[in-house]
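Okay, thanks everyone for coming. I'll walk you through one model today, starting with the overall picture and then going into a few spots I'd like you to look at.

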Amino acid sequence: MKNINKLTQYILIFMILGIGVGFVINKWFGIASQQIWSENITLLTDVFLNLIKMVIAPLIFCTLTSGIMKLKDISAIRNIGGRAISWFLVASILSIFIGLLMVVLINPGGGMNLISTDVQSLNVETSSLSFRAFISHMIPTSIVGAMANNEILQIVIFALFFGIAGASIPQQQNEQLVSLLEGISNTMLKVTNIVMLFAPFAIFASISAIIATQGLDVLLNYTKFIFGFYTTILITSLILILLGYLFIKEKVFTLASMLKNPILVAFSTTSSEAAYPKTLEQLIKFGCSKNLASFVLPLGYSFNLVGSMCYCSFSAMFIAQAYDIQLSNSEIFTLMLTLMLASKGIAGVPRSALVVLAATLPSFNIPASGILLLMGIDHILDMGRSAINVLGNGITTAVISHNVEGLKNPELELEQPLLAVKING
């Protein structure tokens, strides 16, 4: 936690330095000098983005595959898992739609008119994007090629097949393979942490280049962005509570009150994982089956991060607005679907939402360098999305527990294996 706070401090310091240097260049140097500075200093940005993209493929494949393989006996838990995934899907679609709707209404990136520095090298034709082409393209012909080109959806699809097959192999082989994948995953997380040490320099380069060419007026959009995002988080929270009310009635308000402390932990630490033990404890006190909650809640931490979904859709369209990139309705639909599927592969990864954006945006000719506009304030944004992740997973677990077994007195609950949980209906 101390390292995260120190990195955040350095990011803020270098962001302020970037603003100062950019202001001096914009105020006292001519247009030619401004352009020279912008073109050369953004080399640091390019290096950082390449480092981020370097870890995407192995990270997504290993984390998603090992998570699926841990389920092992899929047939025994398919009913609970099916209900959970159905809820996750609905929650993801709602949160993405709310984020998209709010960013269009507020238009925080409008008027920034930033100039793309990295999209020209992508050679991606978005004009040919269609739902049919999207479905066809998402199936990889070669996983090696998909990883080499950072085709995130193709990697996710292959990981799903690989994980399901791996869950059905003998237990000893399953455990060995999971151990190997988790070892690679943990190594890639360490690599990600090392790469993030370069973030302050990349942010200095990006901010100074923008201020040098655009002036200080561009900073007003940060306030608009933060206000718009937290408004989106609040609306999403209210809708989640409303959905919970449809299933467990007034008890949803009791649940929200009981989750207050875990939510505050997630908000203050910017980590929904830090709130996991207390969240599980409160759900059991609320009356959820211990065995069922112990299964659904971790699954939610991988597939039901509604705060990250809101952030991804809100931020992706903000960056498109900032660079004055117009997307058709079909392209927006495809982008949102891509973000939803892509986010399932790296849940729990530090700053995973930024990694998702960096992996996804170039496919739509939206500059991945646009994420650097947000990294200086990402800590503030992460507080909100971590908090709503806890609320969303708590409500999900309570609703499924009520639907499967009914809420009960935890003192009377029998200690039974997870696979022995009775499935009603």
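So, let's start with contacts. If you take the contacts in the protein with a separation of 6 or more, 85% of them are between residues 24 or more positions apart. Keep in mind that this is a predicted model.

What about secondary structure? We have 19 helices and zero strands. The protein has 425 residues, and 52% of them count as buried. On the outside, about 19,100 Å² is exposed, and carbon and sulfur atoms supply 65% of that.

Now the inside. As background, nonpolar side chains in soluble globular proteins tend to be buried together. Here, the largest nonpolar core has 114 residues, and the ones with the most contacts inside it are Phe48, Leu335 and Ile395. Which helix gives the most to this core? That's α15, residues 306–322, with 12 residues.

Let's zoom in on Phe48. Setting aside neighbours within four places in sequence, Phe48 is in contact with Val195, Met196, Phe198, Ala199 and Ala202, and also with Leu372 and Met375. There's also a second, separate core, this one of five residues, including Phe14, Ile41, Phe204 and Ala205.

Next, a charged residue. Is Arg385 buried or exposed? Arg385 sits in helix α19, residues 378–404, and it's buried, with a relative accessible area of 3%. And what does Arg385 touch, apart from its neighbours within four places in sequence? The list is Phe229, Ile233, Gly307, Ser308, Tyr311, Ala353 and Asp378.

Cysteines, quickly. How many disulfides does the structure hold? Zero. Take Cys310: the closest cysteine sulfur belongs to Cys312 and is 9.7 Å away, so that's too far for a bond. Cys310 is buried, at 0% relative accessible area, and Cys62 counts as buried as well, at 3% relative accessibility.

On to salt bridges. The general idea is that side chains of opposite charge can pair when their charged atoms come close. This structure holds two salt bridges. In one, Glu281 pairs with Lys278, with the closest N and O atoms 3.5 Å apart. In the other, Glu281 meets Lys285, at 3.1 Å from N to O.

Where are these residues? Glu281 and Lys278 both lie in helix α13, residues 276–286, and they're three residues apart, about one turn of the helix. Glu281 and Lys285 are four residues apart in α13, so about one helical turn separates them too. Because the salt bridges share partners, you get one network of Lys278, Glu281 and Lys285. As for accessibility, Glu281 counts as partly exposed at 32%, and Lys278 is partly exposed at 33%.

Last stop, the surface. There's a nonpolar patch of about 490 Å², made by Phe23, Val24, Trp28, Phe29 and Leu216. Where does Leu216 come from? Leu216 is in the loop between α9, residues 199–214, and α10, residues 220–248. With a relative accessible area of 37%, Leu216 is partly exposed.

Okay, that's my tour. Happy to take questions.

Conventions. Residues numbered from 1 in each chain as written. Predicted model: local features only at pLDDT ≥ 70, side-chain atom pairs only at ≥ 80, totals over all residues. Heavy atoms only, no water. Patch = residues over 30% accessible without salt bridge, like charges linked within 9 Å, V, L, I, M, F, W, Y side chains within 5 Å. Areas by Shrake-Rupley, 256 points an atom, 1.4 Å probe, with all protein chains shown as cover. Salt bridge = Lys/Arg side-chain N within 4 Å of Asp/Glu carboxyl O. Helix = DSSP H or I, 4+ residues; strand = E, 2+ residues; numbered from the N terminus. Buried < 20%, exposed > 50% of the residue type's maximum accessible area, 1.4 Å probe, protein only. Contact = heavy atoms within 4.5 Å. Disulfide = S-S within 2.5 Å. Core = buried A, V, L, I, M, F, W, Y, C linked by side-chain atoms within 4.5 Å.
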